[in-house]
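Let's take a walk through this one together, starting at the surface and then heading inward. Have your viewer ready.

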Amino acid sequence: MNININGKDVTVNASDDTPLLWVLRDELGMTGTKFGCGAALCGACTVLSNGTPIRACITPASALVGQKITTIEGAASRETLAVKQAWAELDVVQCGYCQPGQVMAATALLQSNPKPTDQDIDNAMSGNICRCGTYPRIRAAIHAAANTL
């Protein structure tokens with residue numbers, strides 16, 4: 001099957017039910033997207049499908065044929081760059097494991113809502129768990145990123 005990942009069409013030799021996460025990590029060697037819970041509960045595996053956050057750990061690769069997939073490796077929109085800049089300026093990252101998924105979810109939020117409220121941020125980010133508890137810094141960084149757009 002062919003899947004468009006980060007703007008490039010790639011041929012994937014996986015079975016139809018193979019989750020995208022394992023195609024990315026095992027077949028394509030793209031390890032930026034993390035494995036967390038394997039049940040779409042933590043958001044560590046968040047990627048964008050046509051700009052919408054999805055959980056790569058439960059989404060079969062075959063369901064993404066014809067979609068544009070963006071991973072943390074290929075995320076380069078102005079929203080992503082603003083998020084990454086704010087993340088660095090506010091020292092959001094602690095252990096960092098969940099951060100690729102957090103950045104992808106924040107990017108999707110700012111692409112759909114460039115001036116989110118605290119409640120908008122909480123709603124959009126509620127599916128992304130940070131075991132280090134960096135939620136206040138994540139919220140502040142999203143506001144900071146929004147102010148630069």
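What follows is a short tour of an aromatic pair, a surface patch and two threonines.

Keep in mind that this is a predicted model. A handy place to begin is the aromatic rings, since the structure holds one aromatic pair. The partners are Trp 22 and Phe 35, with 5.3 Å from centre to centre and 35° between the planes. What do we call that geometry? Planes under 30 degrees apart would be stacked and over 60 edge-to-face, so at 35° this pair is tilted.

Now look at where the two rings come from. Trp 22 sits in helix H1, which covers residues 20-27, while Phe 35 belongs to the loop between H1 and strand S3 (46-49). The pair therefore ties together parts that are 13 residues apart in sequence.

Are these rings buried or exposed? The answer lies in between: Trp 22 is partly exposed, with a relative accessible area of 30%, and Phe 35, at 33%, is also classed as partly exposed. Buried would need a value under 20% and exposed one over 50%, so both residues land in the middle class.

Which residue joins them at the surface? Trp 22, Phe 35 and Tyr 97 make a nonpolar surface patch of about 270 Å². Tyr 97 is found in the loop between helix H2 (78-89) and helix H3 (99-112). With a relative accessible area of 40%, Tyr 97 is partly exposed too.

Next, let's head inside. Thr 80 is in helix H2, and its relative accessibility is just 1%; the cut-off for buried is under 20%, so Thr 80 counts as buried. What surrounds it? Leaving aside residues up to four places away in sequence, Thr 80 touches Ala 75, Val 103 and Thr 107. There's a polar link as well: the side chains of Thr 80 and Ser 77 are joined by a polar contact of 3.0 Å. If you'd like a distance to check in your viewer, try the C-alpha atoms of Thr 80 and Pro 53, which are 13 Å apart and belong to residues separated by 27 positions along the chain.

The last stop is Thr 59, in the loop between strand S4 (52-55) and strand S5 (68-70). Is this loop residue buried or exposed? At 15% relative accessibility, Thr 59 falls under the 20% cut-off and so counts as buried. Again leaving out residues up to four places away in sequence, the contacts of Thr 59 are Thr 18, Pro 19, Leu 20, Ile 54 and Leu 64.

Methods: Residues numbered from 1 in each chain as written. Predicted model: local features only at pLDDT ≥ 70, side-chain atom pairs only at ≥ 80, totals over all residues. Heavy atoms only, no water. Phe/Tyr/Trp six-rings, centres within 6.5 Å; stacked < 30°, edge-to-face > 60°. Helix = DSSP H or I, 4+ residues; strand = E, 2+ residues; numbered from the N terminus. Buried < 20%, exposed > 50% of the residue type's maximum accessible area, 1.4 Å probe, protein only. Patch = residues over 30% accessible without salt bridge, like charges linked within 9 Å, V, L, I, M, F, W, Y side chains within 5 Å. Areas by Shrake-Rupley, 256 points an atom, 1.4 Å probe, with all protein chains shown as cover. Salt bridge = Lys/Arg side-chain N within 4 Å of Asp/Glu carboxyl O. Contact = heavy atoms within 4.5 Å. Polar contact = N/O pair within 3.5 Å; in protein donor to acceptor, adjacent residues only side chain to side chain.
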